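This report describes selected residues of a single model, with attention to burial, contacts and cysteine pairing. The sequence and structure are shown first.

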Amino acid sequence: MNIRIAQGDIAGRIRSIVADLRSLEGPLLPILHEVQDQFGYVPQEALPVIADELNLSRAEVHGVVTFYHDYRDHPAGRHVLKLCRAEACQSMGGDALAERIKTLLGIDFHQTTLDGSVTLEPVYCLGLCACAPAAMLDGEVHGRVDDELATELVEEARR
């Protein structure tokens, strides 16, 4: 899936987002979240516009975007499946779970299925350590993910 947006359209939309959120204390993160919500990712063309509007350097904005794993630099699939990669989940079979889901989807982390239905992303804690291993599908968390639940999540995401 390739979405093309004219350069001027991106800049205008970004300026509008910044104008709406710049009065917040520490507005950069809310602005980046809103950009990703609207575009599905944070376009590279947005970074200099945000930097200019907030009187930040491009390096500062780029550093924030690349530091946080939630921000994407390309569009995601229709569904996003996140697997916890933290120690608690790994100790409870997270590595085997990750391999199972990669096999079911036919992709690796940071990839999207060819049909554009699912993007698979690693995360480093979903806050469900007591219910490890954990996953999140489109913002809904799932604990104690076993082979059966993994298959259900993949089937749900494929729809």
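## Residue environments in the predicted model

Histidine 79 counts as buried in this predicted model, because its relative accessibility is 19%, under the 20% limit for that class. The residue is found in strand S1, which covers residues 79-84. The side chain of histidine 79 makes a polar contact of 2.5 Å with that of aspartate 138. Apart from residues up to four places away in sequence, histidine 79 touches Ser117, Val118, Thr119, Leu137, Asp138, Glu156, Ala157 and Arg159.

Glutamate 121 belongs to strand S3, residues 118-123. This glutamate 121 is also classed as buried, with a relative accessible area of 7%. Its contacts, neighbours within four places in sequence left aside, are Arg72, Val80, Leu81, Lys82, Leu83 and Phe109. Between glutamate 121 and methionine 136, 15 residues apart in sequence, the C-alpha to C-alpha separation is 9.6 Å.

The accessibility values and classes are collected below.

| Residue | Relative accessibility | Class |
|---|---|---|
| Histidine 79 | 19% | buried |
| Glutamate 121 | 7% | buried |
| Cysteine 125 | 43% | partly exposed |
| Cysteine 129 | 43% | partly exposed |

How many disulfides does the model contain? The count comes to zero. Cysteine 125 is in no disulfide, and the nearest cysteine sulfur, in cysteine 129, is 4.1 Å away. Why is there no bond from cysteine 129 to cysteine 125? The sulfur of cysteine 129 lies 4.1 Å from that of cysteine 125, its closest cysteine sulfur, which is too far for a bond, because a disulfide requires the two sulfur atoms to be within 2.5 Å.

Definitions and conventions
Residues numbered from 1 in each chain as written. Predicted model: local features only at pLDDT ≥ 70, side-chain atom pairs only at ≥ 80, totals over all residues. Heavy atoms only, no water. Helix = DSSP H or I, 4+ residues; strand = E, 2+ residues; numbered from the N terminus. Buried < 20%, exposed > 50% of the residue type's maximum accessible area, 1.4 Å probe, protein only. Contact = heavy atoms within 4.5 Å. Polar contact = N/O pair within 3.5 Å; in protein donor to acceptor, adjacent residues only side chain to side chain.
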